[in-house]
Amino acid sequence: MLLKQYKTHFFNTLKNIQDEQEIESFFFILTEYLHNLKRVDVALNPNFELSDEEVDKWNAILAELLQEKPIQYITGEAWFYGLQFEVNENTLIPRPETEELVEWILNSPITHYPLPITILDIGTGTGCIPISLKANLPQANVSAIDVSVKALAVAKKNAQSNKVEVNFIEANILEVEDLFKLPSAISHNPSSYNIIVSNPPYVRNLEKQEIKKNVLDFEPHLALFVEDTDALLFYRKIAQLALKNLSPNGLLFFEINQYLGKETVELLKNLGFKNIGLKKDIYGNDRMIRCKK
């Protein structure tokens, strides 16, 4: 079968569950993944022939896409801030909104200090935040925490493949009383953190009906959901730790629930943080907060 013939079959099969632009994106991601053919290569090779074995591979992937499995879990990779990351069912898929958070951090004056700064990411998942920060701030001392051993294994591989050094720490942040009492933090020996950043679980159970099937059925719920009765649990705990462990005038960054921007700002204000800024994402939703100790 010719690849261009399979393309017609691919589009017809998915057209009832995905829009045409998304299907086209999937198709060219897969031509590169399966055949190392970029979009231009496909155009230049209109008679590219698929073997029976290759058709079987396409069919198996097509069956997964029909179940709305994310393409990133099928290929095992995702791009974030210009870097390639391994992803699997133990990690959230990095999102464009989180790239905006990284950009906000990198544009902060504190990142241009003459001395190396110290950064901590809490709930790191794939490691996309600390790895991207380290890649752009090579002199920074960067650490990251996650409760999931399996997620940390992925993050460590991503740091290695992107040739950066990040200190990864296994810990349940809700059980931590002082960040500097963690054994691996002590061995890393920061006197304080200039920046603490977190994209913690923030989707309330009551919001599950808004979540698309590809997220709800495949991405790790541990990294997504919080109880309706205490939706700001992680923000409160991390902010309390930041009061202890941030340097004077250190910065705390959060990615937040779009519906709880005002409540999160109020929480930080009541804890004594200053210069609290609430920022919208590219979709116009309240998505990020920056504040100063």
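Helices here are DSSP runs of H or I with at least four residues, and strands are runs of E with at least two, numbered from the N terminus. The model you're working with is predicted.

**Exercise 1.** Place serine 192 in the fold, then decide: is serine 192 buried or exposed?

*Solution.* Start with the chain. Serine 192 sits in the loop that links helix 9 (183-188) to strand 6 (193-198). Next, take its relative accessibility, which is 18%. The cut-off for buried is under 20%, so serine 192 counts as buried. Finally, check the company: setting aside neighbours within four places in sequence, serine 192 contacts Thr118, Phe180, Asn245, Leu246 and Ser247.

**Exercise 2.** Work out how strand 6 fits into its sheet, and find which helix packs on strand 6.

*Solution.* Write down the strand order first: 5-4-3-6-9-11-10, an open sheet of seven strands with mixed pairing. Strand 5 (167-170) and strand 10 (274-280) are the edges, each pairing on one side only. Now zoom in on strand 6: five bridges tie it to strand 9 (residues 246-255), and the two run parallel. Within that pair, isoleucine 195 is opposite leucine 251. The helix you want is helix 11 (residues 233-245), which touches strand 3 (118-122), strand 6 and strand 9.

**Exercise 3.** Describe how helix 11 and helix 12 pack.

*Solution.* Grab the geometry: the angle is about 30 degrees and the axes lie 11 Å apart. Angles under 35 degrees count as roughly parallel, so that's the label for helix 11 and helix 12. Their crossing is right-handed. For the side chains, helix 11 brings residues including Tyr235 and Leu243 to meet helix 12 residues, among them Leu267 and Leu271. Sorted by type, the contact has six nonpolar residues, two polar and one charged.

Methods:
Residues numbered from 1 in each chain as written. Predicted model: local features only at pLDDT ≥ 70, side-chain atom pairs only at ≥ 80, totals over all residues. Heavy atoms only, no water. Buried < 20%, exposed > 50% of the residue type's maximum accessible area, 1.4 Å probe, protein only. Contact = heavy atoms within 4.5 Å. Pairing = 2+ DSSP bridges. Axes fitted to C-alpha atoms, helices over the stretch in contact; angles between N-to-C directions. Parallel < 35°, antiparallel > 145°, perpendicular 65-115°, else oblique. Left-handed = near helix turned anticlockwise from the far one by under 90°. Nonpolar A, V, L, I, M, F, W, Y, C, P; charged D, E, K, R; others polar.
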